[in-house]
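This briefing looks at one helix and its irregularities, and then at how several helices pack against one another. Two packed helices are described by the angle between their axes and the distance between the axes.

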Amino acid sequence: MNEQSKIFCVVGRSRASFFIKPDEKLILSVNDSCNPRAIDFCFQTHLVDRGFETPIPEGLRIEARGTASDLKSAIEQYTNKANDLAGILSVSANAYIPPIEAELSFDDTPGIQEHEYFQSFVKEDQPTEIPNRTLDCEMTLKFFGTVANSIHQARLMRAIGQYSAALGHWRPGAEMMCVAHCFMGIEALKPVALERHRLQTGLSKEQLACEWGFAATGRQKLNEFLDVQVRERVLFNGDQDCRRKTKKVSDDFEHGLSNFSELHPIAREVVVPTARYLRTAILTLSGLQETEASALINGYEQPRGPVKVIKYVWGRLQGAGGALAQQGQAYPYLRWQSKLLRVWRDNQGKYSTRHDDNMTAVLGDGVKLTPERTEVWDGSIVRTVPIPTQADQ
């Protein structure tokens, strides 16, 4: 039997920040130069029965089937391609997918009796938080098709990869990394945006440069001028302030021109609009119809990073200073444990949960903690978190 005609199945999982409806699958067929025939990928929700009213989603299951010379090659090729496709899903749902790793792989060639096999054992911890954003499979298929058929596929995939990386850092405190990745994604799309704008206006490079105020006697050459202008006018939609601050964060971070403490406040200010400009550009430049791009832009406006819940407790300790911690402990603290009590789906297919939260104070002898308020934040969303003032305290 020809080695390249062997059929392999590679299965992986990823705890994504969205889910595919339990009765749906996203099936993509991808041509790869390393394989004589297409690789078929199936993305679907990984459902687990944890004893609740409904099975709960614990990320995505990704199955790939195709040909390869051996099992190790199949694992490497299929996993790499799955991560490229995951980026497209991330942009479509505007939500993060962690890197996909092979969990189970085997030779499934008919007509033979001995098959290569591989399994990576993954510890399964019961999650306490469940993502509640669904992927629009129909629109994602259209988005995949436009990217796959685009003459600018390479640049689109670079921008998609940068946006996916930004979503991986999408949490309070990591805004600088998000901005840096988004700016690199925007840089990748400059030639694509310029070509599309010229097609829409019917203008040559010289005519467009003249319309945008190019001075032939200046220091900038025509292509350099257009490069700067398309970034500001088209990709940043004329938002000069955001463009300027985003570029500063990216450049100063890359070249070590500023301390992180100087860049973090600027990044927090521009991270949300910069991400919006990049994702909008990817969707519109991919070749989607205007109505299709608008459906994904407006339907998934808020980016979601890794599934995470941030919990705060504000309160007062009563006790002697210097003896607030329990003996053997460095500090006084609360042990906060959370357990899922109930999970159910509503009429729209959204998951609802109820938790059992227990807080145990670990304090020194005679020390008391009086909680004044607790806060629970969706840590997958970047937002301004209010800082308590003296009046609050």
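In this predicted model, helix α9, which covers residues 260-285, spans only 33 Å between its end C-alpha atoms, whereas a straight helix of 26 residues would span 38 Å at 1.5 Å a residue. The points below take up the course of α9 and then three helix pairs, in which α9, α2, α3 and α10 take part.

**The course of α9**

- Within α9 there is a kink of about 50° at Val 270, and the proline Pro 273 comes shortly after that position.
- Beyond the helix, α9 is followed by Gly 287, a residue whose phi is positive, with a value near 110°.

**α9 with α10**

- The axes of α9 and of helix α10, which comprises residues 290-299, come within 9 Å and cross at roughly 160°; because angles over 145 degrees count as roughly antiparallel, α9 is roughly antiparallel to α10.
- The crossing in which α9 passes α10 is right-handed.
- On the α9 side the contact is made by Arg 279, Thr 280, Leu 283 and Thr 284, and on the α10 side by Ala 293, Leu 296 and Ile 297.
- Sorted by character, the residues of this contact between α9 and α10 comprise four nonpolar, two polar and one charged.

**α2 with α10**

- Helix α10 also pairs with α2, and here the axes come within 11 Å and cross at roughly 120°, an angle that makes α2 oblique to α10.
- In this case α2 passes α10 in a left-handed crossing.
- Met 139, Lys 142 and Phe 143 of α2 make the contact with Glu 292, Ala 295 and Leu 296 of α10.
- The residues of the contact of α2 with α10 fall into four nonpolar and two charged, with no polar residue.
- Leu 296 of α10 takes part in the contact with α9 and also in the contact with α2.

**α2 with α3**

- Helix α2 (residues 137-149) and helix α3 (residues 153-168) have axes that come within 7 Å and cross at roughly 130°, and the two helices are therefore oblique to each other.
- Phe 143, Val 147 and Ala 148 in α2 meet Gln 153, Met 157 and Ile 160 in α3, and the residues of this contact divide into five nonpolar and one polar, with none charged.
- Phe 143 of α2 is thus listed both in the contact with α3 and in the contact with α10.

How values were computed
Residues are numbered from 1 along each chain as its sequence is written. This is a predicted model: local features need pLDDT of at least 70, side-chain atom pairs count only at pLDDT 80 or more; totals for chains, interfaces and linings use all residues. Side-chain values use heavy atoms; hydrogens and water are left out. Helices (H or I, at least four residues) and strands (E, at least two) are DSSP runs, numbered from the N terminus. The expected span of a helix is 1.5 Å times one less than its number of residues. The bend at a residue is the angle between axes fitted to the seven residues ending there and the seven starting there. Axes are lines fitted to C-alpha atoms, for helices over the stretch in contact, and angles run from 0 to 180 degrees between N-to-C directions. Angles under 35 degrees count as roughly parallel, over 145 as roughly antiparallel, 65 to 115 as roughly perpendicular and the rest as oblique. Contact means heavy atoms within 4.5 Å. Ala, Val, Leu, Ile, Met, Phe, Trp, Tyr, Cys and Pro count as nonpolar, Asp, Glu, Lys and Arg as charged, and the others, Gly among them, as polar. A crossing is left-handed if the near helix is turned anticlockwise from the far one by less than a right angle, and right-handed if clockwise.
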